[in-house]
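Here's a quick tour of the model below. Have the sequence and the 3D view open side by side while you read.

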Amino acid sequence: MSEPNAATNKRLFLYVPTTFLFLFFVLPLIALVVLSLWQTENYKIVHEWTMMNYVTLATETAYITFFVRSLVMAILVSIFLVIVAWPIAFFIVRFGGKYKLIFSLLLAVPFLSGEVLRLIALQGMLGPAGLINGGLIRLGAAPLRFIMYSNSATFIAFVYLYLPMTVTTIYLSLLNFDMRLTSAASACGAGRSRIFFEVIWPLNLSGTIIGFLLAFIPTLSASLAPRFLGGPNGTLYGMSMAQQFGESGTWALGAAMGVVLVLFSVASLVVLSRAVNLRRTGFTGMER
Amino acid sequence: MESMTFKDFATKWSMGLILIVAYVFLYMPILHILFASLSNHPNFPYPPDFNPKSYVSLTTNSIYQGAFINSMIIATCTAILSTVMGFLATIGVLRFAGRRALFYAVFFAGPLFVSEILLGISSMSLYYLVFGLQGNMVTAIIANSVHTFSFSFLVMAAMLYKYDWRMNEAAIVCGATPLRAFREVMLPLTWSGILGSLIVAFVLALNGLDISFYLLGATPTMPSVAWGALRYGVKPELYALSSIVNVVVFLAIIWLYLKVRADKTATAE
């Protein structure tokens, strides 16, 4: 490709979006770090460099509890999602035939409805007078308490919110996977479980990990679902962070919580991406 | 193909069963609130009746109208900005990045791995607290675009990576200007990717709460009004609003599906 204006093109096509992301994605994250090293007093920012916010976060039991709860929740939700998403994605790719596209687009509809509207819908199902408990009461049974305003309700909400994302990622990975490899392994005498664990799973591991992360990261910093469904013992880290920026007006502390969440997201990304080879995921196309 | 044993059959249909349960789980709440929005008894709308009064009270509610206009402006501008940026990024990565393609692809997908609330809070920190700027529609549009940019990039990359760049060259050899080659050769062939990106970015920005919430302050958007109304208990109008959005999203996805399928038949011929 030796067009005379190749360099100009490269500048336009690569550097414009790069600059855009740098200015409006990287720079805000730096601003967050800067803010987290300042203080807020009486709803005003004090420009004094200090580590106080981080000390508060590391010593106060409430924040540690919220963080551990968020972390456990995020790990449980993402593992559960991966376990459930695999058979769904596999079924669509293997047996979906010409309906594959419909199946995958049907996942996008609930995803695109947005978090707030989906939580409202879910509340209609799980709430005290919702479909499940309303139905149980009508049948004369006792309502299920654990799905109302509890951590289980939040768990169900996260599964509901991020299932489409996880299935889609694993689906894209499997779509790029050459199913003939399984026939080859089978012809060579490998059993069903051996084919899965030695051929299908490792070759789709990168897609699986991305699917895991795309559920893990938003769950870790989620604020709406626990606030709406979590009940009295359901405060999560992201929800507490949102309160620092809202009611309490302690922005600097909230910024420090944001930095903790970003660092944790990046760390999980780095640790898990050691196992990832992006070329084997659905998002190839960069390779020619 | 190998013959179906009983075990294969059992594996296949247990996966199928999980799929059915998952789709029911995803769609049951949506159907439930559709029934609720049309019912005289919104808490337990079974058997369903058809009473449009919640839709009527939604259209006469002025809070929702202002919020609707704001949301439409944000979503439209976000969709355009994010699709333009995503289009540049896609072509940059597919065509001009060479050996650094993977690096750029990971960078462009980066915002996916930072949650919306963190994007909102960090953008707010930059504009408001460091530069002293008040939040406004422009900053909300930019911050939303950062979030949707990655989706635009991935949607278009997935649909464009099979594009044959020699077609552009062929058009230019035949005397077309690069702009004309783009407009008359490339655009029609890549339109479904662009449309997909526009739809996804538009709908994400329309329905996202976190980013706009931290950048707009008191300016209402549809999700923020819905969220505010939640504190006073869910009202049938909210169910109506939600059902309208769901139906619109559903129709947009069907449109996209028909478009992609038409493209496939066209290339197959």
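Let's start with helix α5 of chain A, which covers residues 115–126 in this predicted model. The helix has 12 residues and reaches 16 Å from its first C-alpha to its last, close to the 16 Å expected at 1.5 Å a residue. Is α5(A) enclosed or open? Since 11 of its 12 residues are buried, α5(A) is largely enclosed by the rest of the structure. The buried residues start with Glu115(A), Val116(A), Leu117(A) and Arg118(A). The list carries on through Leu119(A), Ile120(A), Ala121(A), Leu122(A), Gln123(A) and Gly124(A), and Leu126(A) is buried too.

Zooming out, here are the two chains side by side.

| Feature | Chain A | Chain B |
|---|---|---|
| Helices and strands | 13 helices, 2 strands | 11 helices, 0 strands |
| C-alpha box, along the principal axes | roughly 75 × 70 × 30 Å | roughly 70 × 65 × 35 Å |
| Buried residues | 48% of 288 residues | 48% of 269 residues |
| Contacts joining residues 24 or more apart, among those 6 or more apart | 71% | 76% |

For chain B, reading the elements from the N terminus on gives α-α-α-α-α-α-α-α-α-α-α.

Now for the place where the chains touch. On the chain B side, 78 residues are in contact with 76 residues of chain A. Which elements of chain B give two or more residues to that side? They are α1 (6–38), α3 (62–96), α4, α5 (116–130), α6 (137–160), α8 (178–207), α10 (222–230) and α11 (236–268). If you want to pick one to look at, go for α1(B), which gives the most to this side, with 16 residues. Sorted by class, the side of chain B that touches chain A has 63 nonpolar, 13 polar and 2 charged residues.

Next, take a look at how two helices within chain B meet. The axes of α3(B) and α8(B) come within 8 Å and cross at roughly 140°. The two helices are therefore oblique to each other, and α3(B) passes α8(B) in a right-handed crossing. Which residues make the contact? On the α3(B) side you'll find Ser71(B), Ile74(B), Ala75(B), Thr76(B), Thr78(B), Ala79(B), Ser82(B), Thr83(B), Gly86(B) and Phe87(B). They meet Ile194(B), Ser197(B), Leu198(B), Ala201(B), Phe202(B), Ala205(B) and Leu206(B) in α8(B). By class, this contact has 10 nonpolar, 7 polar and no charged residues. Both α3(B) and α8(B) are also among the elements that give two or more residues to the side touching chain A.

One last stop is Leu102(B), which sits in helix α4 (residues 101–109) of chain B. Why does Leu102(B) count as partly exposed? Leu102(B) has 16 C-beta neighbours inside 10 Å, and partly exposed is the class between 12 or fewer for exposed and 20 or more for buried. To get a feel for distances in this chain, try Leu102(B) against Leu31(B): the two are 71 residues apart along the chain, and their C-alpha atoms are separated by 42 Å. As for α4(B), the helix that holds Leu102(B), it too is listed among the elements giving two or more residues to the side that touches chain A.

Key:
Residues numbered from 1 in each chain as written. Chains lettered and ligands numbered in written order. Predicted model: local features only at pLDDT ≥ 70, side-chain atom pairs only at ≥ 80, totals over all residues. Helix = DSSP H or I, 4+ residues; strand = E, 2+ residues; numbered from the N terminus. Contact = placed C-beta atoms within 7 Å. Expected span 1.5 Å × (residues − 1). Nonpolar A, V, L, I, M, F, W, Y, C, P; charged D, E, K, R; others polar. Axes fitted to C-alpha atoms, helices over the stretch in contact; angles between N-to-C directions. Parallel < 35°, antiparallel > 145°, perpendicular 65-115°, else oblique. Left-handed = near helix turned anticlockwise from the far one by under 90°.
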